[in-house]
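Me: I'm new to this one. Can you walk me through it?
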Amino acid sequence: MRGRAAAYQLVPFAFGVACLLVFLALVEWLIDRGSINAFIVPKPSEVVLSFGRIFDDEHVLRRFALTFGEAMAATVMLSVAGIALGVLLHRVKIVRLATETWVAAFASAPLVLMYPLFLVIFGRSAWTIIMIAFVSALPPVILKTLEGLTGTRPVLINVGRSFKLTPSQLYWKILFPAALPTIFVGVRLGMIFALINIVGVEFLINFGGLGQLVNELAERYDLPGTYAAICYVILVSVLFFIATERLERWLRPGT
């Protein structure tokens with residue numbers, strides 16, 4: 001049974017890899033026949049070959065660690081603050097009515113363009129990048145936490161009240177576990193917002209990390225290297241998704 005279940009889980013993964021390979025082969029073919037300009041989009045085979053070159057020449061490991069560390073710090077901060085603020089909005093109705101619309105509007109604001117202000121406050125350091133990512137990614141975590149808590153089925157809350165649970169116990173034993181899937185959706189959205197802003201600000205202020213690497217390679221017109229560096233950024237995102245998925249499974253065993 002376990003072997004069959006493992007094989008069943010591998011099928012979507014294998015199908016996804018096969019679709020990606022077919023897509024890359026199609027792009028390679030279209031470039032070869034001139035349908036796609038090779039001066040704009042490099043051949044996938046050239047991108048693959050450039051992975052090793054930029055890894056050795058551009059100190060990718062150090063840059064990868066910097067971007068990953070900034071993303072990790074921002075994710076931890078926005079998870080703690082975002083969930084706490086979501087709980088606050090759920091508990092205090094007048095605060096929710098006064099601020100929910102503002103928080104939603106804040107989510108669409110291009111805060112990355114305020115990087116000069118953050119530079120003045122935090123200086124040219126990693127904290128500037130982390131704080132921009134934190135502020136930009138906070139709204140989805142707050143809103144999804146609020147949505148998860150508000151959407152808890154009344155029957156579960158009534159069961160808790162019938163057992164005379166205290167408000168604190170009601171939160172930890174019923175509301176929070178019921179809202180956990182929605183909260184993790186918010187954390188994942190916040191993580192995506194954070195990573196986009198981190199790479200964007202690294203690109204803009206030329207501070208370091210993979211964003212700076214993408215900038216440098218683009219200025220040299222090293223297209224295969226630029227696309228390879230973007231793939232390393234995607235790898236950071238993949239690692240974060242795997243980490244949050246493992247954390248969710250640990251908090252919600254059996255899912």
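Reply: What follows covers a pocket, a helix and a single residue. Keep in mind that this is a predicted model.

Me: Pocket first. What volume does the largest pocket have?
Reply: The largest pocket has a volume of about 390 Å³. It has 14 lining residues, and L24, P44, V47, Y227 and C231 are the closest to its centre.

Me: Which helices supply at least two residues of that lining?
Reply: Helix 1 (2-32), helix 2 (44-57) and helix 10 (223-251) each do.

Me: How do the lining residues divide into nonpolar, polar and charged?
Reply: There are 14 nonpolar residues, no polar ones and no charged ones.

Me: On to helix 10. What should its span be, and how far apart are its end C-alpha atoms?
Reply: Helix 10 has 29 residues, so at 1.5 Å a residue it should span 42 Å. Its end C-alpha atoms are 42 Å apart, which agrees.

Me: What happens at the start of helix 10?
Reply: D222 reaches in there. One of its side-chain oxygens comes to within 3.0 Å of the backbone nitrogen of G225.

Me: Which residues of helix 10 are buried?
Reply: Among them are L223, P224, G225, Y232, F240 and E248.

Me: And what covers the buried residues of helix 10?
Reply: The cover includes helix 2, helix 3 (60-91), helix 8 (167-205) and helix 9 (209-219).

Me: New topic: S136. Where does S136 lie?
Reply: S136 is in helix 6 (residues 126-150).

Me: Is S136 buried or exposed?
Reply: Buried, because its relative accessibility is 7% and the cut-off for buried is under 20%.

Me: What does S136 touch?
Reply: Leaving out residues up to four places away in sequence, S136 touches L111, F193 and N197.

Conventions: Residues are numbered from 1 along each chain as its sequence is written. This is a predicted model: local features need pLDDT of at least 70, side-chain atom pairs count only at pLDDT 80 or more; totals for chains, interfaces and linings use all residues. Side-chain values use heavy atoms; hydrogens and water are left out. On a 1 Å grid over the protein atoms alone, a cavity is a set of points where a 1.4 Å probe fits but cannot get out, and a pocket is an open set with protein on both sides within 12 Å along at least five of seven lines; lining residues have an atom within 4 Å of a point. Grid points are joined across faces, edges and corners, and a volume is the space filled by probe spheres set on the points. Helices (H or I, at least four residues) and strands (E, at least two) are DSSP runs, numbered from the N terminus. Ala, Val, Leu, Ile, Met, Phe, Trp, Tyr, Cys and Pro count as nonpolar, Asp, Glu, Lys and Arg as charged, and the others, Gly among them, as polar. The expected span of a helix is 1.5 Å times one less than its number of residues. Buried means under 20% relative accessible area, exposed over 50%, partly exposed in between (1.4 Å probe, protein chains only). Contact means heavy atoms within 4.5 Å. A polar contact is a pair of N or O atoms within 3.5 Å; within protein, one must be able to donate a hydrogen and the other to accept it, and residues adjacent in sequence count only if both atoms are side-chain atoms.
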